[in-house]
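Please open the model in a viewer and keep the sequence panel visible. The tour proceeds by selection, from the whole chain to single residues.

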Amino acid sequence: MGELSKLPNIGAALEAQLADADITDADGLRAAGSRGAWLRIRARDPSACYMRLCALEGALRGVRWHRLDEGTKRALKDFYLAHKGK
């Protein structure tokens, strides 16, 4: 496992998906943002879920995704619902 797995919420499987999406380090994840990274993963894996999006946002904020505030979770859910079928 590499650098990304040191971030909260990023295990080996998500790190591999990020690498497949050409995101290989924390700087790349910050540049893509949680939404952009999720869209890149989703393009390769249609099963990418809301929780994966939250995991990415939590990783960027340095917290477990469960600790994201309700406003952030709601915004992520709206984004997910708007893009899940595309």
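The stops below move from the overall fold to one helix, then to the segment before it and to a residue in another helix.

**Stop 1: the whole chain**

Display the chain as a cartoon, bearing in mind that this is a predicted model. Four helices and zero strands make up its secondary structure, and from the N terminus the order of elements is α-α-α-α. The radius of gyration is 12 Å, close to the 12 Å that the globule rule gives for 86 residues, so the chain is as compact as a globular protein of that length. Along the principal axes, the C-alpha atoms fill a box of roughly 30 × 25 × 20 Å.

Next, switch on contacts between residues at least 6 apart in sequence: 44% of them join residues at least 24 apart.

**Stop 2: surface and charge**

Add a surface to the chain. Its accessible area comes to about 4,800 Å², and carbon and sulfur atoms account for 51% of that. Of the 86 residues, 42% count as buried. Then select the charged side chains, of which 15 are positive and 11 negative. The centres of these two sets lie 6 Å apart.

**Stop 3: helix α1**

Select residues 12-20, which form helix α1. Which residues of this helix are buried? They are Leu-14, Glu-15, Gln-17 and Leu-18. Viewed down the axis of α1, these buried residues fall within an arc of 160°, so they line one face of the helix. An α-helix has 3.6 residues a turn, so residues three or four places apart point the same way.

Now add α2 (26-44) and α3 (50-61) to the selection, since these are the helices against which the buried residues of α1 pack. Rotate to the face of α1 turned away from its buried side, where the exposed residues Ala-13 and Asp-20 are found.

Ala-12 also belongs to helix α1. With a relative accessible area of 44%, Ala-12 is partly exposed. A distance drawn from Ala-12 to Gly-2, C-alpha to C-alpha, gives 8.4 Å for two residues ten apart in sequence.

**Stop 4: Asp-22, after α1**

Continue along the chain to Asp-22, in the loop between α1 and α2. Is Asp-22 buried or exposed? Its relative accessible area is 59%, and Asp-22 is exposed. The backbone also merits inspection here: phi of Asp-22 is near 65°, a positive value in a residue other than glycine.

**Stop 5: the segment before α1**

Return towards the N terminus and select Asn-9, which lies in the segment before α1. Asn-9 has a positive phi as well, of about 75°, although it is not a glycine. In contrast to the exposed Asp-22, Asn-9 is buried, with a relative accessible area of 15%.

Ser-5 is another stop in the segment before α1. Ser-5 counts as buried at 18% relative accessibility, the cut-off being under 20%. Beyond residues up to four places away in sequence, Ser-5 touches Ile-10 and Glu-15; Glu-15 is one of the buried residues of α1.

Move on to Ile-10, also in the segment before α1. At 5% relative accessibility, Ile-10 counts as buried. Which residues does Ile-10 contact, leaving aside its neighbours within four places in sequence? They are Leu-4, Ser-5, Glu-15, Leu-18, Leu-56 and Ala-59. For a view across the chain, draw the C-alpha to C-alpha distance from Ile-10 to Lys-77: these residues are 67 apart in sequence and 19 Å apart in space.

**Stop 6: Ala-59 in α3**

Follow the contact from Ile-10 to Ala-59, which is placed in helix α3. Ala-59 counts as buried, at 4% relative accessibility. Show the residues that Ala-59 touches, not counting those up to four places away in sequence: Leu-7, Pro-8, Asn-9, Ile-10 and Leu-29. Among them is Asn-9, the residue with a positive phi of about 75°.

As a last step, draw the C-alpha to C-alpha distance between Ala-59 and Ile-23. It is 13 Å, for residues 36 apart in sequence.

Conventions: Residues are numbered from 1 along each chain as its sequence is written. This is a predicted model: local features need pLDDT of at least 70, side-chain atom pairs count only at pLDDT 80 or more; totals for chains, interfaces and linings use all residues. Side-chain values use heavy atoms; hydrogens and water are left out. Helices (H or I, at least four residues) and strands (E, at least two) are DSSP runs, numbered from the N terminus. The radius of gyration is taken over C-alpha atoms; the globule rule is 2.2 Å times the number of residues to the power 0.38. Buried means under 20% relative accessible area, exposed over 50%, partly exposed in between (1.4 Å probe, protein chains only). Contact means heavy atoms within 4.5 Å. Accessible areas come from the Shrake-Rupley method with a 1.4 Å probe; for residues, only the protein chains shown count as cover. Lys and Arg count as positive and Asp and Glu as negative; His and the chain ends are not counted. The place of a charge is taken as NZ of Lys, CZ of Arg, CG of Asp or CD of Glu. The arc is that of the directions from the helix axis to the C-beta atoms.
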